Amino acid sequence: MTKKSCQSCSGRLSLDVSPKDSPKLKLRQYADACYMHGPSAIARSVNIVRMSVWILVFLSGWGMTIWQLTELIKKFYTYPTSTNLILNSNGSMLFPAVTICNSNPVRKSLLSSTSTDIENIITAADTTSAPQVWDWNTVDDNTTFYDSFDKDTSVNFEFSYAYSTLDDSTKTAAGHQLEDMLVSCSFKGKSCSPSNFSHFVHYKYGNCYTFNSGFNSSVVQTEKTGPIYGLTMELYLEQDEYVGSLAPDAGIRLTVHNQTSMPFPEENGINLAPGFKTGIALKLTEVIRAKPPHGECKDYTEAENLINNAWAEEDELSVQYSYVACQKTCFQKSLIRYCGCCSLDYPCSRVTFNEVLSAYPNGVDWCLYSNESQADCELTVLDKYEKSELPCSSSCVPPCDETEYTTAVSMSAWPSNEYLDTAINDFRSSSSALFSSLSTAVSSSARRDFMNENGVKVEIYYRYLNYEVIQTEASYAVEDLLSDIGGQLGLWIGLSIVSLFEIIEISIGP
């Protein structure tokens with residue numbers, strides 16, 4: 001007879017197992033020898049009542065175990081997550097990209113170089129008619145309210161259509177030039193110049209310029225907080241070149257963004273008003289999302305970026321995937337697919353649109369608000385977009401790692417009375433035309449009026465040399481599941497991995 005010792009019962013009964021023993025005897029010997037709750041108590045019961053009670057307890061334990069294991073597995077497959085907020089400190093931090101656009105897209109003196117259509121639109125819009133008193137009581141909400149666009153909106157639509165027909169070189173030449181706008185520039189107290197900026201054309205603001213884009217030079221960084229260790233610019237608006245119907249307000253539209261993100265100044269920009277110094281204090285936040293199956297983020301490849309991002313082909317920017325850019329691109333694709341025309345707000349002739357444009361061998365035109373069928377179709381697509389009935393939700397998911405900047409804006413009058421002459425000299429030095437027009441013969445009040453109308457100063461800097469990390473991660477991993485399973489097995493039936501091997505050993509025999 002072979003003699004073995006049960007691993008979970010060290011120091012207890014020895015388990016004498018013979019190949020000729022019956023399964024019933026083997027089970028009896030196992031029950032007598034091992035620690036698992038129930039079997040040993042059942043085996044040593046002296047009467048049927050005790051045995052019945054222990055069998056009921058044992059089966060109840062198994063029932064609770066099965067129920068708890070089911071709940072644990074269900075919990076695991078809900079893929080729960082937790083969000084952690086971490087504050088990291090650095091000795092130095094990468095400085096963001098900063099994009100500036102003049103509120104006026106086309107210079108008045110160069111309207112004739114654009115197109116006859118644009119000249120006619122501006123001429124008609126700038127024609128002043130006698131004002132009329134508006135009586136709100138005459139408005140019938142059921143018939144006329146929301147039925148037509150106001151004058152400014154109509155002019156903007158008409159201009160956008162005519163402007164979109166121009167080639168990029170014409171748009172660039174007609175817009176405000178950085179060499180004229182940038183009076184002075186410094187980063188960490190050291191001079192910068194137009195060569196440190198990248199350029200792109202925006203459908204609404206015309207020429208836009210990006211400092212520290214990382215495209216034409218390495219990304220700069222800063223080691224200290226405060227305005228001295230950030231970017232400082234003095235800018236000249238050229239209000240005498242403004243077209244009133246296109247730029248009812250005067251100023252600079254500024255956007256702070258990551259180097260790899262396309263700036264959208266119409267949505268995320270900050271207005272810089274003339275006659276003021278604007279301070280913009282930055283706070284960096286890094287968002288790290290959980291990857292599938294615990295999250296819905298995705299790391300996009302270059303090829304996927306080209307398909308899902310209409311701005312991936314910008315000449316002077318290194319634009320990577322962003323959720324906002326993908327949503328806008330998806331909307332444009334849907335508009336082409338359903339309406340056969342393109343929104344004036346987004347690009348329409350790049351690689352990302354090749355597939356959807358293949359259904360239109362003769363190409364597509366821009367959507368016109370004056371074309372009733374196109375306008376109705378665009379509203380229908382917009383309604384579907386807002387209700388998430390387009391494929392944008394599935395084709396556009398957030399990136400797994402994203403950088404965002406929070407801004408705190410403050411303003412003060414600029415320049416002060418005592419600093420006025422110094423500021424004027426800076427402007428005179430930046431342009432031969434200004435050098436003569438702002439000569440010392442010009443009165444102090446005229447100089448003040450000039451700065452109040454055309455002078456803008458801005459300082460962009462980090463508020464703290466630390467940044468927040470908002471990280472979403474799996475809160476219930478495989479190791480957590482295994483640990484909880486072991487706990488439930490031990491609690492209800494006293495079962496462990498060693499006990500399982502004992503059962504296997506009894507089942508297969510010596």
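**Exercise 1. Positive phi in loops**

Find the loop that holds Glu238, then say what is notable about the phi of Glu238 and whether the residue is buried or exposed.

*Solution.* Start with the position: in this predicted model, Glu238 sits in the loop between strand 11 (231-236) and strand 12 (252-257). Next, look at the backbone: the phi of Glu238 is positive, about 60°, although Glu238 is not a glycine. Last, check the surface: the relative accessible area of Glu238 is 8%, and the cut-off for buried is under 20%, so Glu238 counts as buried.

Now try Asn212 in the same way: where is Asn212 found, and what is its phi?

*Solution.* Asn212 belongs to the loop between strand 9 and strand 10 (221-222). Its phi is near 65°, again a positive value in a residue other than glycine. With a relative accessible area of 4%, Asn212 is buried.

**Exercise 2. Cis peptide bonds**

Work out which loops hold Pro293 and Pro415, and describe the peptide bond that leads into each proline.

*Solution.* Take Pro293 to begin with. The bond from Pro292 to Pro293 is cis, with omega near 5°, and Pro293 lies in the loop between strand 14 and helix 9 (302-308). Then move to Pro415. Trp414 and Pro415 are joined by a cis peptide bond with omega about -5°, and Pro415 is in the loop between strand 17 and helix 14 (420-430).

**Exercise 3. The neighbours of strand 14**

In which sense does strand 14 pair with strand 17, and in which sense with strand 18?

*Solution.* Strand 14 (residues 276-288) and strand 17 (residues 401-413) run antiparallel and share 13 bridges. To find this pairing on your screen, go to Ala281, whose bridge partner in strand 17 is Ala408. With strand 18, strand 14 pairs in the parallel sense over 12 bridges. Here a handy marker is Gly279, which stands opposite Glu459 in strand 18.

**Exercise 4. An aromatic pair**

Describe the geometry of the pair Phe95 and Tyr462, and explain which parts of the chain it ties together.

*Solution.* A pair of aromatic rings is described by the distance of the centres and the angle of the planes. The whole structure has 19 aromatic pairs. In one of them, Phe95 and Tyr462 are 6.2 Å apart centre to centre, with 85° between the planes, and the pair is edge-to-face. Phe95 comes from the loop between strand 4 (93-94) and strand 5 (97-102), while Tyr462 comes from strand 18 (residues 455-474), so the pair links parts 367 residues apart in sequence. Both rings belong to buried residues: Phe95 has a relative accessible area of 0% and Tyr462 one of 1%. Finally, widen the view: Phe95 and Tyr462 belong to one aromatic cluster with Phe187, Phe197 and Phe211.

**Exercise 5. Lysines over rings**

Which rings lie beneath Lys75 and Lys328?

*Solution.* Lys75 lies over the face of Tyr476, 4.3 Å from the ring centre. Lys328 lies over the face of Phe264, 5.0 Å from the ring centre.

**Exercise 6. Helix 5**

Check the span of helix 5, then find what covers its buried residues.

*Solution.* Helix 5 (residues 151-164) has 14 residues, so at 1.5 Å a residue it should span 20 Å; the end C-alpha atoms are 20 Å apart, which agrees. Its buried residues include Ser154, Val155, Phe159 and Tyr163. Among the elements that cover them are helix 4 (116-125), helix 6 (168-174) and strand 8 (197-202).

Conventions:
Residues are numbered from 1 along each chain as its sequence is written. This is a predicted model: local features need pLDDT of at least 70, side-chain atom pairs count only at pLDDT 80 or more; totals for chains, interfaces and linings use all residues. Side-chain values use heavy atoms; hydrogens and water are left out. Helices (H or I, at least four residues) and strands (E, at least two) are DSSP runs, numbered from the N terminus. The expected span of a helix is 1.5 Å times one less than its number of residues. Buried means under 20% relative accessible area, exposed over 50%, partly exposed in between (1.4 Å probe, protein chains only). Contact means heavy atoms within 4.5 Å. Rings of Phe, Tyr and Trp (its six-membered ring) pair if their centres lie within 6.5 Å; planes under 30 degrees apart count as stacked, over 60 as edge-to-face and the rest as tilted. A charge sits over a ring if NZ of Lys or CZ of Arg is within 6 Å of the ring centre and within 35 degrees of the ring normal. Two strands pair if DSSP finds at least two bridges between them.
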